[in-house]
Structures are given as C-alpha cells and as structure tokens.
Amino acid sequence: MNQIAAVIGGLQQKINHGSTFIQRKYNEIGQAKFNFPEPVTASSLAAFEAEFNQKLPSEYQTFLELHDGADLFILDDGLGLVLYSLDKVIESTIEAKEDGLIDEDFDYFWVIGEVNEGYLLIH
C-alpha cells in the first residue's frame, strides 16, 4: 500500500470510529465533517494529460485515483480543507490565471483546493 492510500485509510478508520472532534485556533471546536467522493476515471486523467501536456505529481494522481476531491475537517462554519475534483482543479486554475492570481511565469502551478479560504497549489 502506498503512503497516500495509507494516510487516507487511517483517516477513514478514525472517522468510522467517531474520532472526528477537532479544535482549531481561536477555540473553534466541534465534530468535523468529511466527504470522500468516488475516484476520478482513468479517461479523465488521460484527457487532462493530453489537453495540458502535463503529468500530475504521482502522489496527487494516486489521491485522485482514490477520491476525485475531498472535504476534510469541515466545521459548522464551512471552513476546513477542501481538495477539488479534477474538473474543479482545471476550472479554478484557468480562472486564477485569467484573474492574474497565478503569474504566467508560474503557469505550471495548479489550484487543487483551499484551506480556510486560501488556495492550495501544487506544481
């Protein structure tokens, strides 16, 4: 089992046993919510690579092969770690580049999610 699968599996075990009570800074506490969608299709990954002439980092590709995005550690305020589906990665990255949030010198970066309202990027 690879490291990504082991981490996701361990987290899912904790969730299944009800170990989801968390505390963030400023005393925000509560039962965290999690969502693990179905995996991305192999044809979607192949289409991404063909369209953008880029391969995703192997760890991130492994994650997508397990779950096409995820919502992790979400409290009632709706904040937490959100990993986008591959379609949303493409949409968000194109939008960020059009809005000048990703400079053309860094066009190999991809917006893969958000953490408490901030972008999460990979390259």
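In this predicted model, F48 is buried, with a relative accessible area of 2%. F52 has a relative accessible area of 22% and is therefore classed as partly exposed, since the buried class ends at 20%. Both phenylalanines belong to helix α2, which spans residues 42-52. They are four residues apart in that helix, about one turn.

A pair of aromatic rings is described by the distance of the centres and the angle of the planes. Six aromatic pairs were counted in the model. One of them is formed by F48 and F52, with 5.2 Å centre to centre and 45° between the planes. This pair is classed as tilted, because the angle falls neither under 30 degrees, as required for stacking, nor over 60, as required for an edge-to-face arrangement. Ring pairs also bring in W110, so that F48, F52 and W110 make up a cluster.

Two lysines were found over aromatic rings. The ring of W110, a member of the cluster with F48 and F52, has the charged end of K97 over it, at 5.2 Å from the ring centre. K88 lies over the face of Y84, and here the distance from the ring centre is 5.2 Å.

Strands β1 (residues 21-24) and β2 (residues 28-31) run antiparallel and are joined by four bridges. F21 has Q31 of β2 as its bridge partner. The two strands form a hairpin, with three residues between them. Within the turn, Y26 adopts a positive phi of about 65°.

Rolling a probe the size of a water molecule over the atoms shows where empty space is left. The largest pocket has a volume of about 160 Å³. Its lining consists of I4, V7, I8, L11, E59, Y60, F63, L72 and L83. Helices α1 (3-16) and α3 (58-66) each contribute at least two residues to this lining. The greatest contribution comes from α1, which supplies four residues. By residue class, the lining holds eight nonpolar residues, no polar residues and one charged residue. The charged residue is E59, whereas Y60 and F63 are among the nonpolar ones.

Terms used
Residues numbered from 1 in each chain as written. Predicted model: local features only at pLDDT ≥ 70, side-chain atom pairs only at ≥ 80, totals over all residues. Heavy atoms only, no water. Phe/Tyr/Trp six-rings, centres within 6.5 Å; stacked < 30°, edge-to-face > 60°. Buried < 20%, exposed > 50% of the residue type's maximum accessible area, 1.4 Å probe, protein only. Lys NZ or Arg CZ within 6 Å of the ring centre and 35° of its normal. Pairing = 2+ DSSP bridges. 1 Å grid on protein atoms, 1.4 Å probe; cavity = no way out; pocket = protein on both sides within 12 Å on 5 of 7 lines; lining within 4 Å. Points joined across faces, edges and corners; volume = space filled by probe spheres on them.
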